[in-house]
Amino acid sequence: MAISIGENNVFLLNTKNCSYSFSVDQEGLLRHLYWGARIDTIEDFKNEPYVWEQGFHPLNDVKREECSSFGTMRFKETSFKVTYADGVRDFRYRYVGHTIENGELTVLLEDMVYPLQMHLHYKVYEDVDIIEKRRTVKNCGNEVISVERLHSGECSLPGAGWNLKNFNGMWNSDFDAYEQRIMGGKTVLESLRGTTGHVANPSFILYQNAGETYGEVYYGALAWSGNFKIVLEQTPYEYLNILAGMSDTDFEWRLTGGATLETPALYLGYSPDGFDRMSNAMGEFSRRYVMPKPMAAKPLSVLYNSWEATYFDVNEQAQVQLIEKAAQIGVELFVMDDGWFGQRSDDHAGLGDWRVNAVKFPNGLAPLTEKLKSYGMQFGLWIEPEMVNHDSELYRAHSDWVYHYASRPVMEGRYQYMLDLTRQDVQQYIIGEIDQLLTENDISYIKWDMNRGLSEVASAMLDRSEFKSIWYRHTKGFYHIIQSLRALHPEVEWEACASGGGRVDYGAMQYFEEFWPSDNTDPLDRLSIQEGYSYLYPIKYMRAWVTDSGNNGKRAMPLLFRLHCSMCGALGIGLNLNECKEEEFELLEKYVGLYKEIRSIIQFGQLHRLASLPMDGLQAVQYENGKESVLFAFLDHPSRWRTAFTIRPRGLDAKTCYRVEIEGQQQQKYSGAFLMNSGLTITLNHDYASCMVRLLPES
Ligand code: DGJ
């Protein structure tokens, strides 16, 4: 049974491979007991009373807790902070009861004096080893209660010596994976940009001794696209406390009588066998439970994106030329990026005015969409709907629609301001404009960009006592807009982009069919970006374009290397096709065709990170669907005469005989057992050498 409750007030949540347990202790407080490999016997969790003599150690700091409150003789980081109308600033609760409805366990806690309830929600995804935690607080009285921190969840791991893996980065340098040992004190991962951002990802991976294929890994991801905070506190009491949720750095929610406040979900996962299993479990989880349907089950098309080819310089003639060439190489979806609307000729003007620029497109978008239709291709457009430029019709008409302080000039980021999404009129404007665009034109796909963080969070429509709630309201406003547009145009596919991978999170995943993980399309950089991304986010969701070599400070690399790199995700083409040579066209056409053959293995199969530059001298990644495998291997430069590399694929059937094909050339046949244990030797002998290997089972 997924959820069991023992006589001794112990709650046990079980997935296929994992258990999570907490109890109500003798004082009516929730203790966190366990998170790890599956244990079926609930009787093992004794829930013995704490014997505590008042001494130097505060009991509630010593205990591993499931829900702690600031100010209650707790000096560790806590997951809830509140102020009542009379100035009392702690939540002294007792367990009141629980319910199980539609597979969801809800535990109810109540303050012993004040009319405040906390609901802890738990859902168990047995097949993918994920436990979802969420919280709701309810003001059952009449006076306003101020909530200053409300994390989605709290739990802990025993002992010390935990390692953390997360992703640091900035624009053009997304998903830079790093590992660090957590020592005493707090390790904090946080975003204060109002969005997910590149600096840290709203997730954590914890382990003591694990690698790709061995060791226990504990991980978590927040379903939130706004300010977040993850605190990992190594307490002196032999446990690592883990708290995750919305950031409390600049947060206050004034909870009025009868009102509730709900947190985003925190997904907790456990892998008994290293990072490989973790990534694949998160891939399954994403596709089955998080991504929007029906696209979650369909492979992504091969798209063309105009950004690096034409930048802002889009017009009917050049785009039609690109369409013709894109059709020739087998592209299925043509996306026109920035520059098609308002008075947009660079990044100084036009945002907010979502009307087709009549000088660049005197006949509207019809010449493009009709041309595409004649080729059986689809059309997509770029928008950045949360923004406005100073130089725009929208700003001239509604300068009060942006976050700003009346007494100060508004700060610009990428020459743009952030629209006040807490306002209903602003939400309605965006929904109305984009709805009209989608209704009047034959558009199947939208790339939704977001290129600056929130500042001066003040709204003309809110009392100043509400300003600290703007971070939360903004994210909710963003979700409301995309939800409304999805409901109005269910046939449209949406891509989330925020200066590259600044909005890759499990909150956005509910509303977008795919992520753009980075603006950096240099293939060598991209290999490590894609690797970092792949730990917790699915390949199905990762767009990867082949772009021109040597532009924008990029290294010159063979087209084949660039193609192989982008085929490791959802393939896109971003080259200036108008400048491609004949032999390049041939190669593009061939590999786009090949990609269509193998894309279901790449987008839906199991992913195995086999080797990583610079550690292994080679980058190698495998995708398999239980039958067939596709492997890609990349070398940046031969070092010390090393040109032969042995890679050991995973997940093959030991007894099956596989035909090995390297770049379409048939090689020897080997048993799965041989390939997995002895390995496959491949030769890569020049700078930026790469190859694609297929392992095809003999029937
Ligand atoms: C930033 C995005 O990440 C790019 O792909 C491109 O769409 C530009 N914005 C357009 O301004």
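A cavity, the way I'll use the word today, is a set of grid points where a 1.4 Å probe fits but cannot get out. Keep that in mind as we go through this model, which is a predicted one.

So, how many cavities of 30 Å³ or more does the structure hold? There are 6 of them. I'll talk about two. The largest cavity has about 130 Å³ of space in it, and 14 residues line it. Closest to its centre are Leu527, Gln530, Glu531, Gln619 and Val621. If you sort that lining by class, you get 9 nonpolar, 3 polar and 2 charged residues. Where does the lining come from? Helix H9, strand E31 and strand E32, which is 619–624, each supply at least two residues.

Now the second largest cavity. Its volume is about 110 Å³, and it has 15 lining residues. Look for Ser279, Asn280, Gly283, Ile539 and Leu607, which lie nearest the centre. By class, this lining has 6 nonpolar, 7 polar and 2 charged residues. Helix H2 (274–290), helix H11 (582–604) and strand E31 each give at least two residues here. Which of them gives the largest share? That's H2, with 4 residues.

Okay, on to pockets. The largest pocket has a volume of about 820 Å³. Its lining takes in 36 residues, and Glu531, Tyr535, Ser612, Met615 and Asp616 are the ones nearest its centre. Four elements give two or more residues to that lining: strand E12 at 173–181, helix H9 at 523–534, strand E31 at 606–611 and strand E34 at 644–647. E12 gives the most, with 6 residues. And the class split for this lining is 15 nonpolar, 9 polar and 12 charged.

You may have caught some names coming back. Glu531 is among the residues nearest the centre of the largest pocket, and Glu531 is also among those closest to the centre of the largest cavity. E31 keeps turning up too: this strand helps line the largest pocket, the largest cavity and the second largest cavity.

So which pocket does the ligand sit in? The second largest one. Around the ligand there are 13 residues, and the closest are Asp337, Asp338, Lys447, Asp449 and Asp519. That shell divides into 4 nonpolar, 3 polar and 6 charged residues.

Let's zoom in on some distances. A polar side-chain atom of Asp519 is 2.4 Å from a ligand oxygen. For Lys447, an N or O atom in the side chain is 2.8 Å from an oxygen of the ligand. With Trp516, the distance from a side-chain N or O atom to a ligand oxygen is 3.5 Å. How much of the ligand does the protein cover? On its own, the ligand has 290 Å² of accessible area, and the protein covers 98% of that.

Last bit: the backbone. Most residues other than glycine have a negative phi, and most peptide bonds are trans. Here are some spots that go the other way. The bond from Lys293 to Pro294 is cis, with omega near 0°, and Pro294 is in the loop between H2 and strand E21 (303–305). The bond from Leu613 to Pro614 is cis as well, with omega near -5°. You'll find Pro614 in the loop between E31 and E32. Then there's Asp129, which isn't a glycine but has a positive phi, near 60°. Asp129 belongs to the loop between strand E8 (116–125) and strand E9 (130–139).

That's my tour, thanks!

Key
Residues are numbered from 1 along each chain as its sequence is written. This is a predicted model: local features need pLDDT of at least 70, side-chain atom pairs count only at pLDDT 80 or more; totals for chains, interfaces and linings use all residues. Side-chain values use heavy atoms; hydrogens and water are left out. A residue is near a molecule or strand if one of its heavy atoms lies within 4 Å of it. A polar contact is a pair of N or O atoms within 3.5 Å; within protein, one must be able to donate a hydrogen and the other to accept it, and residues adjacent in sequence count only if both atoms are side-chain atoms. Accessible areas come from the Shrake-Rupley method with a 1.4 Å probe; for residues, only the protein chains shown count as cover. On a 1 Å grid over the protein atoms alone, a cavity is a set of points where a 1.4 Å probe fits but cannot get out, and a pocket is an open set with protein on both sides within 12 Å along at least five of seven lines; lining residues have an atom within 4 Å of a point. A molecule sits in a cavity or pocket if more than half of its atoms lie within 2 Å of its grid points. Ala, Val, Leu, Ile, Met, Phe, Trp, Tyr, Cys and Pro count as nonpolar, Asp, Glu, Lys and Arg as charged, and the others, Gly among them, as polar. Grid points are joined across faces, edges and corners, and a volume is the space filled by probe spheres set on the points.
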